[in-house]
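Student: Could you take me closely through the largest pocket, with its volume and its lining?

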Amino acid sequence: ALPDYDPANVLRGEDGLCVGVKDATLERCAGRLVVSAEPTEAGARATLEALGDDDDGATVEVVVEGLVVVSGKGSRIPTVRVRRVNLRARATWSAAVACVEGQWTIEAFKASIRRWSAPGTLSRTAARAVLKLMLPTLRDALRRSLPPELGEFFASLRGPFRAEGSFDVRAAPPTAVASAPLDGASSEAEAARRLVGWTRAQ
């Protein structure tokens, strides 16, 4: 259905739904993260929740290039072809995870869109359908991003643990990362080093 796309960038779902994305950049993600964990005989178990400051969920802003949504006959989702689009949403997600000998597994994972904003015909219904297709990808990405050291910390606890805090992650300015040498003396190079947590000596 999408011959010009890398097969790795194409998701296929039920009723002939097919989604292709050539590139996507997370511009901002902000909200609250709630972590509950406890040690187990085999290692540790934890629950991770990303929420908003209110009931509408965390803020997510994504720039997508080369977005194509092809729906099957009788689908309520229209076919969409967009070269570049800025997507804004309020969303929540939660995951139940377990760690045994430094290896993480995802026991449960769910996500939902609370608010949705996108120009054109990319409706909230289409966004929810795309999110449903992406859940396995997001689940695997979460598993790969969890460090084994975190599991070791949870396993070393003497009892249940809970922590909550705010986060606001923004994309690095392209000029600060792409054009500034990390060993330079300019203000741009200094900004690039701060972004990656390096010093000039490193």
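Tutor: What follows is a walk through the largest pocket, from its space to its lining. The model is a predicted one, in which local features need pLDDT of at least 70 and side-chain atom pairs count only at pLDDT 80 or more, while totals for chains, interfaces and linings use all residues. Residues are numbered from 1 along each chain as its sequence is written, and side-chain values use heavy atoms, with hydrogens and water left out.

The largest pocket holds about 1,400 Å³ of space, where a pocket is an open set of points, on a 1 Å grid over the protein atoms alone, at which a 1.4 Å probe fits and which has protein on both sides within 12 Å along at least five of seven lines; the volume is the space filled by probe spheres set on the points, joined across faces, edges and corners.

Its lining, meaning residues with an atom within 4 Å of a point, counts 41 residues, and Leu26, Val60, Val62, Met134 and Leu138 lie nearest the centre of the pocket. Two or more lining residues come from each of strand 1 (10-12), strand 2 (18-39), strand 4 (58-70), strand 5 (80-100), strand 6 (103-117) and helix 1 (124-145), these elements being DSSP runs numbered from the N terminus (helices H or I, at least four residues; strands E, at least two). Helix 1 gives the largest share of the lining, 10 residues.

By class, the lining has 33 nonpolar, 7 polar and 1 charged residues, with Ala, Val, Leu, Ile, Met, Phe, Trp, Tyr, Cys and Pro taken as nonpolar, Asp, Glu, Lys and Arg as charged, and the others, Gly among them, as polar.

Elsewhere in the description, Phe153, Phe154 and Phe161 form one aromatic cluster.

Terms used
Phe/Tyr/Trp six-rings, centres within 6.5 Å; stacked < 30°, edge-to-face > 60°.
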